[in-house]
Amino acid sequence: MMSISVFGLLLAIPFLLTRESDCNGDSPFKNCSRSDLSALNDFKNGLEDPGNRLSSWQWSKCCQWHGISCDNRTVAVISIDLHNPYPVNPVYHSSLSRYGFWNLSGEISPSLLKLKSLQYLDLSLNTFKDIPIPEFLGSLQSLRYLNLSKAGFSGEVPPSLGNLSSLQFLDVSSEYSLMASNLDWVTSLVSLKHVVMDGVDLSVIGSNWVRVYNVLPHLTGLHLSGCALSGSISFLSPINFTSLSVLDLFFNNINSLFPNWLSNISSLTYVDLSMAGFYGRIPLSLSELPNLQYLSLGSNNLSASCSQLFRGSWQKIEVLDFSFNNIRGKLPASIGNMSSLINFNLFDNSVDRGIPSSIGKLCYLENFDLSINKLTGSLPEVLEETHWGLNSPLPSLMYLSLSNNHLVGNLPEWLSQLNNLVGLSLDYNLFHGPIPASLGNLQNLTGVNLSGNQLNGTLPDSFGQLSQLSALDVSLYNLIGSISEVHFSKLNKLKFLGLSSNSFFSNVSSNWVPPFQVQDLEVGSCHLGPTFPAWLRTQKEVTSLDISNASISDSIPNWFWDISSNLSLLNVSFNQLHGQLKNPLTVVPFADVDLSSNFLEGPTPLSTFEIELLELSNNRFSGPIPEKLAQSMPNLVFLSLSGNQLTGDIPVSIGAMVSLVVLDLSGNSLSGSIPSSIGNCSFLNAMDLSFNKLSGEIPLSFSRLNQLRSLHLSNNKLTGSLPSSFLNLSNLETLDLGNNRLSSEIPPWIGSGFADLRILSLRSNAFFGEIPSTLSNLSSLQVLDLAKNNLAGSIPVTFGDFKAMSLEQYINEYLPYGKYRGVYYEESLIVNIKGGAQKYTKTLSLVTSIDLASNNLHGEFPKEITKLVGLVALNLSKNQVIGQIPGSISNLRQISSLDLSHNRLSGAIPSSMSTLSFLGYLNLSDNNFSGMIPYMGHVTTFDASSFDGNSGLRGAPLVLKCPGNDSDGGGGSIVEDSSDGFSDMWFYLSIGLGFAVGILVPFLIFSIRKPWSHAYFLLVDKTVDRLLYLACKTATRFRNRCNFQA
């Protein structure tokens, strides 16, 4: 946008120069006419001038006044230029109103109408405090230049400006305080060459603006950025924009097919249609516009093929910005023919395959950005040379950005020849091999980002010579080796250092003073310990510090709290820090503090300033949760105190922390009831109070937590029933109430209103009655755990209708809740599977399980369950289920754990079970199955314990007793055959003798003669082989005889 303003000023410079030259004659020494002098004095009297800018407006020689120019011949005032030369930039100042020392304000006097010769009026960048643009300005008949841009005017742009038939330049751009309900008056401005209406609300105009401006025969510049334009402009006929050079429609919501008619305006030099709501294909004919130098189509929904789009001539193109679109395909070699190209931006498109070596011919290229595309392959080993015979490729390149692609291979040597390179971003690709040490020769580098690749080796020492470097990020690598003082010897401008998730170890002296004052330090997973790094004491400007998982086994030194007062992020998690924290903590307001997974102890710390994230989980903090926690941190968003040794009640005041998104107090020894005040925390996304000693009923106030997605209250002593107000928790995805003392029937309403519920665990309570058939309405349910209750009745046949369980889960969808500044509540669940309890976290979304064990369910095995082809675990054990296992059990192709033990199932085990190739745990014991076990396929991987307690079963892997040896007829035990006792006795005796001989003889041999050792070990090998052969032969003969008799 700066280029647009500069263009307007350049357009006015010749006019201004003419006026100045006129004033260099005798006219400054002549008096103004009384009429002009009176008009200017009246104009001055209406203005507020806090900076006394108009102090020279005192004498009768008004041509010498500041901002006034006169005609050389007539001494008439022809120009008033009172623009603010020092406007306040709202980017750096909190006030957008721009009240400043140089700002003029007040009223604009109609006395200006007396200035009959006035041709130039510039009041831009002042602050006229939302007064309307005066209507009378439309009566200044001689006016050719009018600039009221960003001067604090508001309201309607007066249509009376259409009377200015001599006007050539009009700028009424605003900071979204002006509007126009129609533009028909513009058609009367027949001399208009340049118009700027940026930020003027034209939302009611629709697409009519195109027709209006199309009738102006001399128009060269049209700026309508941020005007809320809408309506299709894809068609225009006839096209009268024959002189149009600049078109700026940036930041609108036009929502139109791309206007192909632009390709017919050969005078275009500058076109900015970015963020304007265009869609469709980019016309290839744009490349043939003979004067086009700047084209920005970024952030639209446009498409094109690279091979076609960049094959055109693009004769004078300097800037091409197609970012955030759908440009696809491979870059053609013809891109190297754009000899004037300076800026090439295809950020976030679908460009694939490799980068052509012809880019080396682009002598003027300064910025090349293909980040977030689908590039593959390796970078060219060699770049094509320019026609100028330069020694280095891309001699003007300053910024190379290829991050977030799929590029592979080693980093090519030509990267080290880009002598003017300032920024290098190759992060998040698949580059491998070492980092070239020659990159340390690029003395102009200020930023290097190589993170998230597969580079290996060490960090080159030469990087320490990059004296201009302000940002270095080589995190998320496979880099190893030491980091020494040499790596930073000349990095005195370094502000960002990212070394995290490598295998570096620190090799600096204890009294090292770094040459830099870093602001953002991310060295997590680097070996900095065992002592706390003393060099941190010198970093007085650090605001973000991550030294997590850094092998530090130490207490936090007192000096650290001096630098912590600047920190907005502090992460020292996953170390072995011990001792107590400073209480209260000293950090900046609204900071993030993560001290989790250490050995810190003492009371829970408060903070001198309110913070927004406090992660203290998995430490040894003890005592009660401070009652003043909410007072100290009223705007806390994330609070985790889990895995500590906290006792006492949950303070009622915690309900005053109304911004909480995550509350995790699990794994402590908290007691008492859950305070109902938590219901005030209406933004809660995840709440975990599990594994405590909480008692009482679930508060009814929980019904107000309608943004809650994960609720864990398991492993407490809660009583009562499920409150019906839970129906208000329509966003719930996890409801874990297991291992409590809840007692009631499972309410039927739980099957309705929870469209997103994935996990329902009510295990180990005292629920009774029948299982509601409406549970099958939970279309997202993947884990249902009702085990260890007092449920009766049959298993509902509707269980075959669980939609999510009927789909095979292949995509692992991680379940982070309440994500805030990179930290989140990590969803997890203990699932009873394969005969034991297993905790699932990162793969929880792949688990589909039904557990109804240890109830009093009866009725037949519901064959409808076999429709749940995505089921991973099914446990119906310890019930009274009857009937047979249906042959359709083979439909459960994903089943890995099946427990039907301790029921009254009967009949044959279906042979189709042998096809369940994922089955890793099978328990059919203690039922009434009969017949041959289908011991084939995958069933052969299970031993006899899977089938014990079924008297009617026979065949492998069960081994029946040989007839005549025992009368109890029980299966599953092995009885020795006395006829082979001698063989067994010899077997064990030989093992014992072999052991004794093997120990004693070597010592004797080695004490006599070493050459004998070789012969001895040959004998031992032969003896062992013979014994093993006899043992195997004896055992095999015994098993065969017993099976034959059976």
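**Close-up views of a predicted model**

**View 1. Surroundings of Ser-642 in the predicted model.** Once neighbours within four places in sequence are set aside, the contacts of Ser-642 are Leu-616, Ser-617, Asn-618, Asp-664, Leu-665, Ser-666 and Asn-668. Ser-642 itself sits in the loop that runs between β42 (638-640) and β43 (645-649). With a relative accessible area of 9%, Ser-642 is buried, because the limit for a buried residue is under 20%.

**View 2. Leu-521 in strand β34 (residues 520-522).** The relative accessible area of Leu-521 is 0%, and this residue is therefore counted as buried. Not counting residues up to four places away in sequence, Leu-521 touches Leu-497, Trp-535, Leu-536, Val-542, Ser-544, Leu-545 and Asp-546. Among these partners, Asp-546 lies 25 residues from Leu-521 along the chain, while the C-alpha atoms of Leu-521 and Asp-546 are separated by 6.2 Å.

**View 3. The largest cavity and its lining.** Four cavities of 30 Å³ or more are found when the whole structure is searched, and the largest cavity holds about 140 Å³ of space. This largest cavity is lined by 14 residues, of which Ile-483, Phe-488, Leu-499, Leu-528 and Trp-535 are the closest to its centre. Strand β33 (residues 503-507) supplies the largest share of that lining, namely three residues. Trp-535, one of the residues closest to the centre of the largest cavity, is also among the residues that Leu-521 touches in View 2.

**View 4. Helix α2 (residues 34-45) and its buried face.** For the 12 residues of α2, a rise of 1.5 Å a residue leads to an expected span of 16 Å, and the end C-alpha atoms of the helix are indeed 16 Å apart, so the two values agree. The buried residues of this helix are Asp-36, Leu-37, Ala-39, Leu-40 and Phe-43. Because these buried residues fall within an arc of 165 degrees when seen down the axis of α2, they line one face of the helix. On the other side of α2, by contrast, Arg-34 and Asn-45 are exposed. The cover over the buried residues of α2 includes the strands β1 (47-48), β2 (68-70) and β3 (77-81).

**View 5. Asn-790 in strand β54 (residues 790-794).** At 49% relative accessibility, Asn-790 counts as partly exposed, because exposed residues are those over 50%. Apart from its neighbours within four places in sequence, Asn-790 is in contact with Ala-766, Phe-767, Phe-768, Gly-769 and Asn-855. Glu-770 stands 20 residues from Asn-790 along the chain, and the C-alpha atoms of this pair are separated by 9.2 Å.

**View 6. The whole chain, with its confidence and two stretches of pLDDT below 50.** Of the 1046 residues in the chain, buried residues make up 53%, and the secondary structure comes to eight helices and 67 strands. Among contacts with a separation of 6 or more, 57% join residues 24 or more positions apart. The mean pLDDT of the chain is 88, with 87% of the residues reaching 70 or more. Over residues 91-99, however, the pLDDT is below 50, and this stretch has 18 contacts in the model beyond near neighbours in sequence. Residues 961-991 likewise stay under 50 in pLDDT, and the model has 28 contacts for them beyond four places in sequence. Where pLDDT is low, the predicted coordinates should not be read in detail.

Note on methods: Residues are numbered from 1 along each chain as its sequence is written. This is a predicted model: local features need pLDDT of at least 70, side-chain atom pairs count only at pLDDT 80 or more; totals for chains, interfaces and linings use all residues. Side-chain values use heavy atoms; hydrogens and water are left out. pLDDT is the predictor's confidence in each residue, from 0 to 100. Contact means heavy atoms within 4.5 Å. Helices (H or I, at least four residues) and strands (E, at least two) are DSSP runs, numbered from the N terminus. The expected span of a helix is 1.5 Å times one less than its number of residues. Buried means under 20% relative accessible area, exposed over 50%, partly exposed in between (1.4 Å probe, protein chains only). The arc is that of the directions from the helix axis to the C-beta atoms. On a 1 Å grid over the protein atoms alone, a cavity is a set of points where a 1.4 Å probe fits but cannot get out, and a pocket is an open set with protein on both sides within 12 Å along at least five of seven lines; lining residues have an atom within 4 Å of a point. Grid points are joined across faces, edges and corners, and a volume is the space filled by probe spheres set on the points.
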